[in-house]
Amino acid sequence: MGLTDWMGAFDRASNSDLSLNLERAYEAALLIQSLELEYYHDRPVRPDLKLSIPKQAQAQMLRRFRAALEVCQDTLPTLVNHRGEFDSQELRQLQLIQSVTSRYQRRSGTPSLSRTPELLPRSLLGVFDGVRRQLDPEAETALLEGFRRRRSSTLVSLRIFLLMILVPLIVQQTSRTLVISPLLDRYAPEIPFLNYTKPHLQEKAVNKLRIYQQELEFEALLEGKTPPTPEQIQTALMARANQLKDDADQESLEATKNVLADLAALVGFALVCVLGRRDLQVLRGFLDEAVYGLSDSAKAFAIILFTDIFVGFHSPEGWTVLLDGIAHHLGLPAEENFILLFIATFPVVLATIFKYWIFRYLNRVSPSAVATLRGMDGG
């Protein structure tokens, strides 16, 4: 490997580390904000204050707070030095980290009890800081480094995203075609468990046989022929029954192949997630930047579209079709009671989780998007 390749690999590693540090510090700042909101009514955390919760729970909460605060304080100097490489979304994340860290300046080893008043508004200071960074002689270099880092993050995100989609599909189709199907076709007739026809498939075959008998009689009446004798009907039904049994056995075997192929695809997906943990963290930051970089109207539109599809008025029909398709793919009976119970519980739970996410997270990160959502959704 040449010197240029080594330098390129070093730059990609540095850019990835910077993105990971920003993501870790941003998550830690959000955790501190959630602790402030949940236990201290949106005020700074006070370790000396006794809360109305068990001591063990308060001690655990304070350990989480100190660990998150340490992450913010340790990574903040490095992030500030690379401020010029950040885009607008990353600068907002950095501002949140600075805002949270400034509330807990180390004084005698404990967080401060009050927020220090500022002489000038933060927005005005931000304008002066932006002008200073634009006049900096190294601004162009920092801008190029930021562009290279974002390009590297985008390439890593697209690569891991495609791997998460393509690897399970390739593993599923390859294992089903080259391994699972030949083995089951060879050994299924000798194994009673694999050669077992499921009861709901037998019931469907019986219904088809009954309809076939009625079709024989109806066809004879239409053509003006004498009705078939019981012996003729029995002979035709025996041949049809053998064909329906073979079809049911084949459908049952296909369902078994689907289950084994899906398990192989799940193993492939798990391997991609385990081997690409660092890339998944970069992908998470990329998705956060893409989602929160949308306008408030676009965010509200996406939220309304998602909720109306999965938890809205017309969602039961969609869930019914989806569950029927899954049951047919796995060779399971589509039980109406189970489908109705699922529709009565899962969308409600999903809607509750979604509302909680809007209240606890989106309302703090993008309150204007929440206001736009309420206006578009009729209040």
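The following exchange examines how several descriptions of this predicted model are justified.

Me: What makes up the secondary structure of the chain?

Reply: The chain comes to twelve helices and zero strands. From the N terminus on, the order of elements is therefore written α-α-α-α-α-α-α-α-α-α-α-α, each run being numbered from that end. Of the 379 residues in the chain, 30% are buried. Among contacts with a separation of 6 or more, 76% join residues 24 or more positions apart.

Me: How do you know that the span of helix 10 agrees with its number of residues?

Reply: Helix 10 covers residues 315-330, which is 16 residues, and at 1.5 Å a residue these should span 22 Å. The end C-alpha atoms of helix 10 are 23 Å apart, so the two values agree. Just after helix 10, Gly 331 takes a positive phi of about 75°.

Me: Why are the buried residues of helix 10 placed on the same side?

Reply: The residues concerned are Ser 315, Trp 319, Leu 323 and Ala 327, which are buried in helix 10. They cover an arc of only 100° around the axis, and therefore lie on the same side of helix 10. An α-helix has 3.6 residues a turn, so residues three or four places apart point the same way. The face turned away from the buried side of helix 10 carries Val 321 and His 328, which are exposed.

Me: Why is helix 7 called roughly perpendicular to helix 10?

Reply: The axes of helix 7 (residues 230-275) and helix 10 come within 7 Å and cross at roughly 105°. Angles of 65 to 115 degrees count as roughly perpendicular, so helix 7 is given that description relative to helix 10.

Me: Which residues of helix 7 and helix 10 meet, and what is the contact by class?

Reply: From helix 7, Glu 251, Ala 255, Asn 258, Val 259 and Asp 262 meet His 328, His 329 and Leu 330 of helix 10. By class, this contact has three nonpolar, three polar and two charged residues.

Me: Why is Asn 258 called buried?

Reply: Asn 258, a residue of helix 7, has a relative accessibility of 15%. Buried means under 20%, so Asn 258 meets the definition. Not counting residues up to four places away in sequence, Asn 258 touches Arg 176 and His 329. Asn 258 and Ile 180 are 78 residues apart along the chain, with their C-alpha atoms separated by 9.2 Å.

Me: What makes Gln 172 a buried residue?

Reply: Gln 172 lies in helix 5 (residues 139-187). Its relative accessible area is 15%, under the 20% cut-off, and Gln 172 is therefore buried. Leaving aside residues up to four places away in sequence, Gln 172 touches Ala 261, Asp 262 and Ala 265.

Me: How do you know whether Leu 201 is buried or exposed?

Reply: The relative accessibility of Leu 201 is 5%, which is under 20%, so Leu 201 counts as buried. Leu 201 belongs to helix 6 (residues 199-222). Apart from residues up to four places away in sequence, Leu 201 touches Ala 248, Glu 251 and Ser 252. The C-alpha atoms of Leu 201 and Glu 251 are separated by 8.2 Å, although their positions lie 50 residues apart in the numbering.

Me: Why is His 82 called partly exposed?

Reply: His 82 has a relative accessibility of 29%. Because buried means under 20% and exposed over 50%, this value falls in between, and His 82 is partly exposed. His 82 is found in the loop between helix 2 (55-81) and helix 3 (88-102). His 82 and Leu 18 are 64 residues apart in sequence and 8.5 Å apart in space, C-alpha to C-alpha.

Definitions and conventions. Residues are numbered from 1 along each chain as its sequence is written. This is a predicted model: local features need pLDDT of at least 70, side-chain atom pairs count only at pLDDT 80 or more; totals for chains, interfaces and linings use all residues. Side-chain values use heavy atoms; hydrogens and water are left out. Helices (H or I, at least four residues) and strands (E, at least two) are DSSP runs, numbered from the N terminus. The expected span of a helix is 1.5 Å times one less than its number of residues. Buried means under 20% relative accessible area, exposed over 50%, partly exposed in between (1.4 Å probe, protein chains only). The arc is that of the directions from the helix axis to the C-beta atoms. Axes are lines fitted to C-alpha atoms, for helices over the stretch in contact, and angles run from 0 to 180 degrees between N-to-C directions. Angles under 35 degrees count as roughly parallel, over 145 as roughly antiparallel, 65 to 115 as roughly perpendicular and the rest as oblique. Contact means heavy atoms within 4.5 Å. Ala, Val, Leu, Ile, Met, Phe, Trp, Tyr, Cys and Pro count as nonpolar, Asp, Glu, Lys and Arg as charged, and the others, Gly among them, as polar.
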